[in-house]
Amino acid sequence: MATTQSQMVADAYTRRTGRAIELVGVTTFGDVTKAHLAQLGGTGVFVSALRDKLIEDEVDFAVHSLKDLPTKQDPRFTLAAIPARHDHRDALVGPHKFADLAPGARVGTGSPRRVAMLSALRPDLEYVPIRGNADTRIGKVASGELDAVVLAAAGLTRIGRGADVAQIFEVEELLPAPGQGALAVECRADRADLIEFLGVLDDPRTRAAVTAERAVLAALEAGCAAPVGAYAADDGHTLGHTLNLTAAVVSIDGREAVRKSAAGSPSEAANLGRLLAAEMIAEGADRLMGEHSH
């Protein structure tokens, strides 16, 4: 998946600029460890090895899944481009739609957010933590070990497994992880030449949306190991865009949730996210998180 994503971005730069780009593979701790991502703190495990290569000047820029990037900005690096986002939604892979799964069916996912939100929809199913790449996870359905798995729709499309999708969850059912479906192109903050070159793929609408989503996460993360979903989209008007943001925190058993929406100007995206998070905390979002972290 990472190779495919990086190649897509490299090809897009070559198309726009005529410059050839060489891919360098980097194995990260997140790729090789057998621990569950939730135990590793989730964010950052795929990122630090790539950042080391940037610092050592072994690569000029790195391509990340934006949802893997820690929300706290590291001053040594800059997000030179956030290309136009792909599908932001979650997808169910298996022979049946979610509503048609038999009670007690085993559904695999590596994400506490998905477990919590799926449990809210169907508490009668068994949610099984899984690891491995998308093909490995889909293989567990084919082998009968699991009845279904839930993965990001964008990733499945990128690796050519779109045909395996039984159902796409709309954001009303399953709110995606902040930044889901978006890629981030990161380079060293002191490389002005590169920042300008890489900027040609930046999509301002995607950047505003994911900035708002990640601002919610950053504000909630202060007290939070709990499942957080957030999605922002702009309303598409050419004049005076409005950014619509929805976020939710769900208790891990899916029984309680705080879900809020807000709208504002894309230029105030970070502020919009922070204000929404503050409202959620006022409604007890941090209490749901507190229960989860102990």
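A residue counts as buried when its relative accessible area is under 20%. That cut-off underlies much of the following report, which concerns a predicted model.

**Overall composition and confidence**

The protein has 294 residues, of which 48% count as buried. Its secondary structure consists of ten helices and eleven strands. Among contacts with a separation of 6 or more, 69% join residues that are 24 or more positions apart.

The mean pLDDT of the protein is 88, and 89% of the residues reach 70 or more. Confidence is highest in strand β4 (residues 106-108), with a mean of 97, and lowest in helix α2 (residues 29-32), with a mean of 50. Over residues 32-42, pLDDT stays under 50; the model has 16 contacts beyond four places in sequence for this stretch.

**Strand β1 and its surroundings**

Strand β1 spans residues 61-65, and five of its five residues are buried. In a regular strand, side chains alternate between the two faces of the sheet. In β1, both faces are covered: F61, V63 and S65 are buried on one side, and A62 and H64 are buried on the other.

The partner of β1 described here is strand β8 (residues 183-188), with which β1 pairs in the antiparallel sense over five bridges. Within this pairing, S65 stands opposite L183 of β8.

H64 illustrates the covered character of the strand in which it lies. Because its relative accessible area is 3%, and buried means under 20%, H64 is classed as buried. Apart from neighbours within four places in sequence, H64 is in contact with V47, L50, L69, A182, L183, A184 and E186. L183 thus appears both as a contact of H64 and as the residue opposite S65.

The loop between α3 (48-55) and β1 contains D57. The phi angle of D57 is near 65°, a positive value in a residue other than glycine. D57 is partly exposed, with a relative accessible area of 49%.

**Strand β6 and its two partners**

Strand β6 (residues 148-152) is also mostly covered, since five of its five residues are buried. β6 pairs with strand β3 (residues 90-93) in the antiparallel sense over four bridges, and A91 has L151 of β6 as its bridge partner. β6 also runs parallel to β4, to which two bridges join it; here V107 stands opposite A148 of β6.

The pairings described in this report are set out below.

| Strand pair | Sense | Bridges |
|---|---|---|
| β1 and β8 | antiparallel | five bridges |
| β3 and β6 | antiparallel | four bridges |
| β4 and β6 | parallel | two bridges |

**The second largest pocket**

The second largest pocket holds about 250 Å³ of space. Its lining comprises 17 residues, and those nearest its centre are P70, T71, Q73, L79 and R214. By class, the lining has nine nonpolar, three polar and five charged residues. Helix α8 (residues 204-221) gives the most to this lining, with six residues.

Technical notes
Residues are numbered from 1 along each chain as its sequence is written. This is a predicted model: local features need pLDDT of at least 70, side-chain atom pairs count only at pLDDT 80 or more; totals for chains, interfaces and linings use all residues. Side-chain values use heavy atoms; hydrogens and water are left out. Buried means under 20% relative accessible area, exposed over 50%, partly exposed in between (1.4 Å probe, protein chains only). Two strands pair if DSSP finds at least two bridges between them. On a 1 Å grid over the protein atoms alone, a cavity is a set of points where a 1.4 Å probe fits but cannot get out, and a pocket is an open set with protein on both sides within 12 Å along at least five of seven lines; lining residues have an atom within 4 Å of a point. Grid points are joined across faces, edges and corners, and a volume is the space filled by probe spheres set on the points. Ala, Val, Leu, Ile, Met, Phe, Trp, Tyr, Cys and Pro count as nonpolar, Asp, Glu, Lys and Arg as charged, and the others, Gly among them, as polar. pLDDT is the predictor's confidence in each residue, from 0 to 100. Contact means heavy atoms within 4.5 Å.
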